[in-house]
Structure formats: structure tokens, C-alpha cells
Amino acid sequence: MACFRSAKHPFRIFFYNRLSAATNSKYGYSTCASKGTPVYQARQIKDLFSFKYLNPKSSFALISRNFSDQAPAATEQVNLIKQLREQTSAPMKDVKLALVDCDWDIEAALKELRKRGKVLASKKSSRTATEGLLALAQNESKAAVIELNCETDFVSRNEIFQYLALALAKQALVAENVSQPVSGLFPVGPEYLEGLKLNLDHPKIGGETTVQNAITEVAAIMGENVKLRRGFLLSASSPGVVSTYLHTSPQSGLGRIAGLLSLEVEDGSSSFDPLKRVGSELAMHIVAQKPLFLTKELVSADALENEREILKSQAESTGKSPMAIEKMVEGRLRKYYEEVVLMEQKFVMNDTLNIKTILDNLSKEVGSPVKIGSFFRMEVGEGIRR
């Protein structure tokens, strides 16, 4: 019954009475104090309710008001952290630290984060970046492809990284210094692109900036080394078309392997639809079969001599006569041509035909001779030591 009656009273009165018992006890302690609360602390807590604030009711009311006053401030801080995090995608720890250092001024904290990000990006620029994406932009007569590298596949899947890659490809496509009327493959490397102006329309990296600054800002956001490694522009002569194919593509215009080629037709009045259809198939073939040369005549003397030496060494190990060895080498060279020369390769979609036959059939379809002007294959990270 005693417990029941005490439960009817407010908790603050009960707590005050317990403290009074602790400080007025003959032995200077109560059950509460004996569980770890020193007597002098119990007396201080009692003074909080009796001496300074006169009674427990007013003291608890004041403490409640203090906590109520702090709640909006804490909520506002959380909102500022959330806003800055959404704007920058920076780590939560860095966002909070920047806001604290800037007295919770979100604009000042945003500038501070960018400054810190540029410093961190410069420190990470020496790290190897072998992952990333190829980005492609094209029109009727030309196509541009760039390689934007990062350190992990996780970053390459980030939509900010992908947006920047596409923006760089579009910039390479409209590059004035390489928009030449002649057909062919031209490099559009970082030494040319990094100083160009770039207009970005993205919530986290919007506005006008340079290519280099945009890359640095994305590197700061991602926390990795981000690097524009290379770029190329492929143009077709008129009349002609440029065809492309991207493999392992997370979205339109992005991929890890790219195949590009230009098809040229003599008669400008010919239908371009068959050219585009076959061109897309040939671009896919280039990605799959990895040709190195367009024709046998274009195989470099060094590459041919190296391959001949390898094949001759292999043939000599059989112990056959020199005449037989020579025939073996010539036979294997024909096989080598089928592996590395585009016009000699078996068509990946129909291995009963080679690419030369495919072009002959296309020429008959459009009623005019068709030839491959240039081709190019590109893969993320190729040639980088891992």
C-alpha cells in the first residue's frame, strides 16, 4: 500500500524525498547512495532542488524548459548537416566538422569543404586509377570517346562520376581544334581538354568551370583519384557514317569497352540505313574480336617479323626439314592474319563469312562500293600496370 500511495505522487517529489533522506540520514547515506552515489554528490543534488531553486517543482520545470530550448537548435543542426551532405555528397564526419568550424554557417562550410577536397584530391592524384568508364558522344559524321578513371568500381557506378564522364565526351565532340573536315582518328587528350570551359547542370557539381576543376571537385566528393586519361575523335568522310558499340553499358553513352568505325560509300545518294545497320554489327565485332590492323598490307613490319620468329622457333622444335618448317610458318602466318587483321577475320555473328565478304554484300545492297575508313577499339584500364 505504501508503494501504491507513493506512486500517486509526482516522481519529482518522490526523488526529492529520497535525496533528503540521503543527506539527513544518521549514517549519511541511503539505498540510492549506497549503490554508488557519494554522500557529497547527493547533497549537491539536494541543494539543486532546495537551496538554489527553493523547491523541486520549480527546479524540474526549469530543467524541462532548458531541454526544450535546446531541441530546436539540435534539430536545426541535423537539418544543416543533411542539407550540406545532399549538396556535396561528402562524408558525414567531414560535413559536421566543416559546419562546426564555420559556426554552422552552411555557405562558409560549403566553401571550406571544397577547399579541403581540393587538398585531398591533390594528395590522392599519385594513386593508381585503373577502374572507370568510357563515355561516348556522337552525331551523324563523328564520334568522341573519352576514358575517365577512378580507383574502384564502386565510384564508377556513382551518378556524379557518370554525369561528368558524359559531359567530357560531349565537350570532346564539339572541340574546335579537332573538328577537321577530313576523315580519320584524332587524339583529344587531357592536355587539350583540361583547360576548356565546361557548363554543368547537376545539383552537386553545377555551374561554369573548367574541365580540370570539375575533375578535381568530383575527386574530392568521391574521395578517390579521378583522372581523365585519354580521348579520341573519329570522323567519317562525306558521304559516310560513324558507327559505335559500347559493351558493359550501365546507361546510354557509357561502357567499359568501345568499338568505333567509319563506313564510306562512293555514291552519296545511297541509302544510309543499311550502312548504319551493318556498321553497328561491325562495331560489335571489333569489341569482341580485337583486331589490330585493317588490312594485311597495314600490318607493321616489326609485328610481322616478331610473329614470324616465334612461329619459326615453334616449327623448328618439331625436328622437320627446313622446307617443311617454311611451309608451317607460312600456314600459321595466314592464321595470324585471321586473328589480327579486321578484313580477314571471321564475322562474329556468322563465322561462315569474313569481314571482306560482309562489305562486298553491303556494297551490292546499297548499289555502291563501301569500305571501312577507320576503326578503333578502346577498353578501360588497358595498358595500366595494376
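These legends walk you through several close-up views of a predicted model.

**Figure 1. The whole protein at a glance.**
Before zooming in, take a moment with the full chain. The protein has 386 residues, and 41% of them are buried. Its secondary structure comes to 15 helices and 12 strands. Counting contacts between residues at least 6 apart in sequence, 63% join residues at least 24 apart. The protein exposes about 21900 Å², and carbon and sulfur atoms supply 53% of that area.

**Figure 2. The largest nonpolar core.**
Here we look inside. In soluble globular proteins, nonpolar side chains tend to be buried together. The largest nonpolar core in this model has 34 residues, and those touching the most other members are I146, L148, L164, L168 and L228. Which elements each supply at least two residues of this core? They are the strands β1 (131–138), β2 (142–150), β4 (197–200) and β6 (227–235), along with the helices α9 (159–173) and α11 (211–222). Helix α9 gives the most, with 10 residues. To see how the packing works for one residue, find L168: leaving aside residues up to four places away in sequence, L168 touches I146, L148, L198, V211, I215 and L228. There is also a second, separate core of 21 residues, and its members include L263, L275, V278 and V366.

**Figure 3. Two aromatic pairs.**
A pair of aromatic rings is described by the distance of the centres and the angle of the planes. The structure holds two such pairs. In one of them, F232 and F376 sit 4.7 Å apart, centre to centre, with 50 degrees between the planes, and the pair is tilted. F232 belongs to strand β6 and F376 to strand β12 (residues 370–379), so this pair ties together parts that are 144 residues apart in sequence. Are these two residues buried or exposed? Both F232 and F376 are buried. The rings of Y336 and Y337 have centres 6.2 Å apart and planes at 50 degrees, so this pair is tilted too. Y336 counts as buried because its relative accessibility is 10%, and Y337 is buried as well, with a relative accessible area of 16%.

**Figure 4. A buried salt bridge and its network.**
Side chains of opposite charge can pair when their charged atoms come close. A search of the whole structure finds 10 salt bridges. One of them joins the side chains of E147 and R230, at 2.6 Å from N to O. E147 lies in strand β2 and R230 in strand β6, so that the bridge links parts of the chain 83 residues apart. Both E147 and R230 are buried.

**Figure 5. Two more salt bridges between distant parts of the chain.**
Start with R127 and E151, whose side chains meet in a salt bridge of 2.9 Å, N to O. R127 is in the loop between α7 (106–124) and β1, while E151 is in the loop between β2 and α8 (153–156); the two residues are 24 apart. R127 is partly exposed, with a relative accessible area of 38%. Now turn to R308 and E330, whose side chains also meet in a salt bridge, at 2.9 Å from N to O. This pair links helix α13 (residues 301–316), home of R308, with helix α14 (residues 322–340), home of E330, across 22 residues of sequence. Partly exposed describes R308, at 26% relative accessible area, and E330, at 32%. To round off the salt bridges, those that share partners join E147, R229, R230 and E382 into one network.

**Figure 6. A nonpolar patch on the surface.**
Nonpolar residues can be found on the outside of this model too: M284, V348 and M349 form a surface patch with about 250 Å² of accessible area together. M349 is in the loop between β10 (346–347) and β11 (350–354). With 47% relative accessibility, M349 counts as partly exposed.

**Figure 7. Two residues with a positive phi.**
Most residues other than glycine have a negative phi. Which way does the phi of T248 go, positive or negative? T248 has a positive phi near 55 degrees, and T248 is not a glycine. Look for T248 in the loop between β7 (240–247) and β8 (254–255), where T248 is partly exposed at 46% relative accessible area. K290 is another non-glycine residue with a positive phi, of about 55 degrees. K290 is in the loop between α12 (273–289) and α13, and K290 counts as partly exposed at 48% relative accessibility.

Definitions and conventions:
Residues are numbered from 1 along each chain as its sequence is written. This is a predicted model: local features need pLDDT of at least 70, side-chain atom pairs count only at pLDDT 80 or more; totals for chains, interfaces and linings use all residues. Side-chain values use heavy atoms; hydrogens and water are left out. A nonpolar core is a set of buried Ala, Val, Leu, Ile, Met, Phe, Trp, Tyr and Cys residues joined through side-chain atoms within 4.5 Å. Buried means under 20% relative accessible area, exposed over 50%, partly exposed in between (1.4 Å probe, protein chains only). Helices (H or I, at least four residues) and strands (E, at least two) are DSSP runs, numbered from the N terminus. Contact means heavy atoms within 4.5 Å. Rings of Phe, Tyr and Trp (its six-membered ring) pair if their centres lie within 6.5 Å; planes under 30 degrees apart count as stacked, over 60 as edge-to-face and the rest as tilted. Accessible areas come from the Shrake-Rupley method with a 1.4 Å probe; for residues, only the protein chains shown count as cover. Patches are made of residues with over 30% relative accessible area and no salt bridge: like charges are joined within 9 Å, nonpolar side chains (Val, Leu, Ile, Met, Phe, Trp, Tyr) within 5 Å. A salt bridge is a side-chain nitrogen of Lys or Arg within 4 Å of a carboxyl oxygen of Asp or Glu.
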